[in-house]
Amino acid sequence: MTPTAHRAGWIFVKPGVWVENGMVEVRDGRIIAVCKGRPGAHIVDHGPGVIMPAMINAHTHLSLSALQGLLEARSGFVNWVKDLISARSRLSEEEVFGAASIAAREIRNSGTGFIGEVGPTQPGAIAMSANELEGLVFTEVLGNSREVPALPKDDNGLSFSFAGHALHTTSPDILTALKTAAVSRRNVFSIHLAESEAETAFLECCNG
């Protein structure tokens, strides 16, 4: 199959490496060359702009997208969390899934191709697949349960791993178990840490 060469004023290859008036050659959905151009390719000219690799967002919460505009952070972190839990409980599943899909589409349209989604497995995984986003879906665990939840098999550009919510909301035993399970899947582990002065002060007090 004849490759397609996408031409632009600049090709950003990696930090410090640019190709002026270059082309990105693609065959069967894969990049096969970044060059100044070769004969035999079907050329698509994108003008004087920049072609660059897709961006990565390492921490998203698609499952909370329906809360956009409903919360205020001015009352402090603790009150914000209480307001979040209360507002989330009033949302229907249709609202949650619909907003997650819209958010995933906006992420894709912004030039991001890979995300780290933290929360329940759904609606994040469905929203990502429906909008052709690849990424890592972290199933987040809170509380004192000793059970490590089951995860779906990696598929269609999505991988699955574990996240502990935070040191002050998830027991040490389950954090250890989750980290061990993530390593056994040869994947990374995620946790919220030092997100506010109040959280840091609480942890220092309790561990003092």
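What follows is a short exchange about a sheet and two pockets in a predicted model.

Colleague: How do you know that β6 and β7 are paired?

Modeller: Two strands pair if at least two bridges are found between them, and 4 bridges join β6 to β7 (residues 112-119), with the two running parallel; the pair therefore meets the cut-off. One of the bridges links Met55 to its partner Thr112 in β7.

Colleague: What makes β6 and β10 stand at the edges?

Modeller: The open sheet has 5 strands in the order β6-β7-β8-β9-β10, with parallel pairing. Each of β6 (55-60) and β10 (190-192) has a single partner strand, so one side of each is left without a neighbour in the sheet. From one strand to the next, the twist averages 20 degrees.

Colleague: Which residues are nearest the centre of the largest pocket, and what makes them part of its lining?

Modeller: They are His61, Leu64, Leu84, Glu140 and His165, among 19 lining residues; a residue counts as lining because it has an atom within 4 Å of a pocket point. The volume of this pocket is about 580 Å³, and α1 (77-89) gives the largest share of its lining, 6 residues.

Colleague: Why is Glu140 called charged, and how does the lining of the largest pocket divide by class?

Modeller: Glu is grouped with Asp, Lys and Arg as charged, so Glu140 falls in that class; the lining of the largest pocket holds 11 nonpolar, 5 polar and 3 charged residues. In the second largest pocket, with a volume of about 450 Å³, the lining has 11 nonpolar, 3 polar and 1 charged residues.

Note on methods:
Residues numbered from 1 in each chain as written. Predicted model: local features only at pLDDT ≥ 70, side-chain atom pairs only at ≥ 80, totals over all residues. Heavy atoms only, no water. Axes fitted to C-alpha atoms, helices over the stretch in contact; angles between N-to-C directions. 1 Å grid on protein atoms, 1.4 Å probe; cavity = no way out; pocket = protein on both sides within 12 Å on 5 of 7 lines; lining within 4 Å. Points joined across faces, edges and corners; volume = space filled by probe spheres on them.
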